[in-house]
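Me: Please take a close look at one part of this structure, the loop positions that stand out in their backbone or their surroundings, and then connect them with the helices and the chain contact around them. I would like one continuous account that I can follow with the structure open.

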Amino acid sequence: MLRFLKKLCAGKTTDIDKKIAGLNYPLEERKFSRSLDENVAVIKKLLTDVDIAQYKLIQSAGKNPARYFLIFFDGIVHSEIVNSNIIKPLMNSKTEEGSPKLEKLLATVVQAGESKIIDTFKAVIESVTHGDTVLFIESCDQAAVFNTRQFSTRAITEPDNEKVLSGPREGFTELLVQNLSQILRRARTNELKTKMMTLGKRTQTKICVCYLDSLVNREVLEELYRRLDKIDIDGVLDSNYITEEIHDYPLSPFRTVGSTERPDVVVGRLLEGRIAILVDNSPVALTVPYLFIENFQSNEDYYFNFYYSSFSRLLRILGFFLTLSVPGLYIAVVAFHQEILPLQLLMRIAMERQSVPLPAALEAVIMLIVFDILRETGVRMPSNIGQALSIVGALVIGQAAVEASLVAAPMIIVVAATGITSLLVPKLNAPMIFWRLFFLIMASTFGFFGLTIGLSLLFIHLNNLTSFGVEHLSLKGSFRLQENKDIFIRFPWPYMIDRPKGLSRNKVRQTGDGIDD
Amino acid sequence: MIKRLLICLLQVLLVLSLCGCWNYRGLDQVNIVVGIAVDFDKEKKEYKMSYEVADLGTVKKDQSIKGRIITAEGKTLFDAARNAKRKEKNRLFFGSSYVLVISQEMAREEGIFNSIEWFLRDGECRETMFVAISQEETAAKVLEKEENINGIVSADIHDIIMEDKSVSASTVHMPVYEVYSLLKSKANSLALPVLRKTKNGDREVTAANGSAVFKGDKLVGFLTPAESKYALFAWNKIKSGILTINMADQKIDDISLEIFQSSTKKNFRYDQGKIKVIIESSTDVAIAENHSELNVMDEQIVENIQKEAGKMIEENIKAVIEKVQQEYQADIFGFSDMIFKRDLKLWKQLELEWEEIFPDIEVEVTSKVHVVNSGFTK
């Protein structure tokens with residue numbers, strides 16, 4: 001049976017098929033031949049079972065008609081342009097003796113603004129998958145590509161997780177060129193460099209490295225290119241694929257590559273000498289180097305009054321410490337160091353703990369996991385059943401568990417405080433979940449002593465991190481006020497004379513002539 | 001890598017041996033002791049302890065927490081504390097104790113050192129709890145309360161004594177670690193607050209009642225609340241309080257002065273084999289109450305008030321010092337300590353005869369009072 005089928009297939013082979021079959025795989029690497037028929041056959045072979053591919057054979061008018069072959073993908077081309085600007089002029093064109101030159105066709109017949117000449121099958125596939133139309137002509141080993149792309153994208157909206165009260169509301173979309181246009185609108189200078197590259201063997205995703213030429217730290221830029229060149233990945237569906245590939249410490253829970261969905265944030269960071277990486281099909285742009293303090297900074301800090309911004313920034317830092325240590329602190333106090341509580345508070349907590357079955361440490365671990373389950377459910381579930389979650393969360397776990405004396409009320413307060421404060425620093429949520437549990441375990445085995453060891457380990461780890469050679473948590477060296485004017489407190493713009501330390505090769509942001517220091 | 005990890009682990013383990021006494025101890029496994037009363041049974045030669053603990057089992061969530069008394073006997077204090085566990089589900093927890101009440105009988109006969117040593121040696125006890133002397137027949141009686149009254153007696157006593165020196169200035173406040181170091185030092189100048197039962201409306205409550213004077217660790221006598229106020233002047237411990245003087249009306253005191261600030265300096269002079277102690281106090285007061293019809297805006301009248309008040313303070317300080325010199329022969333104002341610290345040679349010379357010298361030491365008191373505020377009536 002198998003042999004018969006093979007015979008059947010073999011019987012159908014034509015001359016060209018034989019020619020193709022004789023070639024070495026992969027076909028993509030081949031250059032065009034001068035024969036139109038052979039090129040068409042190769043293309044059809046390459047696009048076997050790709051049913052959205054559209055082929056069109058056209059003959060020109062006149063006595064000596066020339067043959068043209070068009071190929072494009074249905075659905076991602078603008079059919080109006082293909083019909084009236086490419087097919088129609090080609091059909092109506094009168095050809096003289098011999099076959100027409102490709103350059104002449106582009107210059108005189110086809111009405112397309114953006115076109116280029118290619119000579120490999122690989123380029124054909126790249127072009128048609130982008131929505132371009134490729135034109136082959138007879139006895140020519142080159143083909144023309146016309147930009148006929150048309151695909152629908154999302155409108156520009158404000159990103160959900162970086163909302164601001166005042167300030168620009170634009171966010172990136174999935175379309176790289178649109179994102180670039182938003183950046184360009186904010187930095188209209190030829191200093192803004194946009195280097196394109198393609199990553200992902202199968203997805204062929206375009207990424208764009210943006211920086212301001214006179215500000216960028218060359219060493220960081222070179223290091224970035226070196227790391228990008230080393231990437232050998234199948235596909236890039238989101239910028240996080242790149243984040244993990246270029247991370248200084250791939251196993252650290254802390255990110256050393258920044259991410260944002262806002263063009264104003266990207267341009268702000270470019271102006272500090274950072275480099276942005278935009279990835280096609282992802283609304284999230286990456287920025288390097290990324291400092292630890294950036295977790296606490298928000299673009300809104302710069303759009304509001306600086307007193308208010310500085311206060312909120314300090315709150316965020318406080319929130320970070322609270323959300324990390326509150327459960328551990330609570331356990332250390334109620335299980336080891338009861339004497340530090342004022343008597344009234346101690347008696348109240350002790351009273352709540354009288355009728356509860358589980359020890360406080362175990363209770364804390366369970367409640368933290370329950371909180372994380374609720375949080376994860378809130379993200380995953382369809383939004384129209386959200387009410388069910390709040391009922392389960394607030395009533396069953398909060399009220400009923402306390403009333404049934406399964407969980408002590410102070411524990412609920414502790415978990416709620418932990419949860420609320422964790423929302424102050426959403427960028428650090430992922431590492432904090434693990435560190436919080438670690439602190440809790442340390443605190444419930446060694447009390448304050450364990451908590452101190454845990455905090456020390458956290459700082460040692462943070463202090464060891466670097467982002468593209470720049471210290472992630474810059475604690476070393478002497479203190480200079482000018483370098484710290486945008487760390488804990490945001491100084492007003494006229495006073496921020498220098499750019500942040502270590503990021504840019506051009507340190508001076510402004511002359512500072514406007515103020516009397 | 002493994003080596004580095006092992007080094008880190010080793011360091012952690014080594015440091016572990018440096019920390020004190022600790023263990024996981026759930027709050028549901030402890031009886032929080034708020035106050036402790038020590039009595040001594042002379043026949044059995046054992047301590048009778050009463051612990052006031054927070055009664056958490058029976059109280060409802062919206063009620064205030066009541067105290068409950070646990071009693072235990074033991075050959076030593078620690079023994080008694082452990083014996084209490086025979087009757088109780090939970091262990092006693094001394095980390096939040098406020099008050100240690102010692103019966104006056106025991107303080108007179110056995111001394112108080114035996115009763116406080118354990119609280120400083122044990123790692124789980126609170127060193128800042130203060131020591132008081134009971135004027136009732138037993139110390140336990142002070143911690144008792146009427147059946148239907150909420151609250152914890154020891155916590156109330158704590159607030160009474162702690163706030164006394166900045167409100168009424170009628171007694172001293174002495175945490176157990178200070179008591180210990182005074183007993184161990186040359187000074188021997190110990191005075192402790194005194195507690196007794198009294199009527200407040202129709203309730204029987206515990207109240208502060210002046211201070212107790214010690215010689216060594218043994219109780220020798222008491223000072224009344226009024227005497228205690230001037231003792232506080234001599235100790236330079238007074239923070240606030242009311243002085244009343246008599247200006248126009250000869251029968252009753254008609255002006256109240258509120259103490260804002262006061263400082264007392266002590267010094268001594270050695271002259272021809274005689275010691276003279278010089279006490280100088282300077283006090284800022286405000287006229288807080290005046291029903292004498294005197295015009296307190298008049299400088300001359302204010303001057304008179306200052307003089308009168310100064311004279312009154314001088315006399316009273318002198319009287320209280322004389323009382324402890326003559327009646328108790330207890331050096332609670334630390335004269336010996338002062339000489340020891342300022343003139344060691346002289347102290348060595350006097351040390352052996354100090355007992356005889358002390359009652360006859362001449363004391364010179366000068367008090368300055370300065371009215372800083374006359375108040376204002378609308």
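Reply: A residue is called exposed here if 12 or fewer other C-beta atoms lie within 10 Å of its own, buried if there are 20 or more, and partly exposed in between. The model is a predicted one, and everything below should be read with that in mind.

With that cut-off, K45(B) counts as exposed, because it has 8 C-beta neighbours inside 10 Å. Its place is the loop that joins β1 (30–41) to β2 (46–55) in chain B, and its phi is positive, about 55°, although K45(B) is not a glycine. Most residues other than glycine have a negative phi, and most peptide bonds are trans. Chain A offers another such position: S405(A), also not a glycine, has a positive phi of about 55° and sits in the loop between α14 (386–403) and α15 of chain A. S405(A) has 13 C-beta neighbours inside 10 Å and therefore counts as partly exposed. For the peptide bond, the place to look in chain A is the step from V288(A) to P289(A), which is cis, with omega near -10°; P289(A) belongs to the loop between β10 (285–288) and α11 of chain A.

Two further loop positions in chain B are worth following for their surroundings. E146(B) lies in the loop between α5 (140–143) and α6 (153–167) of chain B, and because it has 9 C-beta neighbours inside 10 Å it counts as exposed. Once residues up to four places away in sequence are set aside, E146(B) touches R203(B) and E204(B), and its C-alpha is 8.5 Å from that of V205(B), a residue 59 positions away in sequence. D28(B), by contrast, is buried, because 20 other C-beta atoms lie within 10 Å of it; its loop runs between α1 (2–16) and β1 of chain B. The C-alpha atoms of D28(B) and N90(B) are 8.0 Å apart, although the two residues are separated by 62 residues along the chain. Leaving out neighbours within four places in sequence, the contacts of D28(B) are R353(A), Q354(A) and V356(A), which leads to the contact between the chains. In that contact, 20 residues of chain B meet 20 residues of chain A, and the side contributed by chain B divides into 13 nonpolar, 4 polar and 3 charged residues.

The loops of P289(A) and S405(A) lead on to the helices α11(A) and α15(A). Helix α11(A), residues 306–335, packs against α16(A), residues 429–446, at an angle of about 15° and with the axes 8 Å apart, which makes the two helices roughly parallel, since the angle is under 35 degrees. Their crossing is right-handed. On the α11(A) side the contact includes T323(A), L324(A), P327(A) and I331(A), and on the α16(A) side its members include W435(A), R436(A), F439(A) and L440(A). By class, this contact holds 11 nonpolar, 4 polar and 1 charged residues.

α11(A) also packs against α15(A), residues 409–422, at about 160° and with the axes 8 Å apart; these two helices are therefore roughly antiparallel, and the crossing is left-handed. G319(A), L322(A), T323(A), V326(A), P327(A) and Y330(A) of α11(A) meet V414(A), A417(A), T418(A), T421(A) and S422(A) of α15(A), giving 6 nonpolar, 5 polar and no charged residues. T323(A) and P327(A) thus take part in the contact of α11(A) with α16(A) and in that with α15(A).

Chain B has a helix pair of its own to set beside these. α4(B), residues 113–121, and α7(B), residues 176–184, pack at about 120° with their axes 10 Å apart, and are therefore oblique to each other, in a left-handed crossing. F113(B), I116(B), F119(B) and L120(B) of α4(B) face V176(B), Y177(B), V179(B), Y180(B) and L183(B) of α7(B), and by class this contact has 9 nonpolar, no polar and no charged residues.

Notes: Residues numbered from 1 in each chain as written. Chains lettered and ligands numbered in written order. Predicted model: local features only at pLDDT ≥ 70, side-chain atom pairs only at ≥ 80, totals over all residues. Axes fitted to C-alpha atoms, helices over the stretch in contact; angles between N-to-C directions. Helix = DSSP H or I, 4+ residues; strand = E, 2+ residues; numbered from the N terminus. Parallel < 35°, antiparallel > 145°, perpendicular 65-115°, else oblique. Left-handed = near helix turned anticlockwise from the far one by under 90°. Contact = placed C-beta atoms within 7 Å. Nonpolar A, V, L, I, M, F, W, Y, C, P; charged D, E, K, R; others polar.
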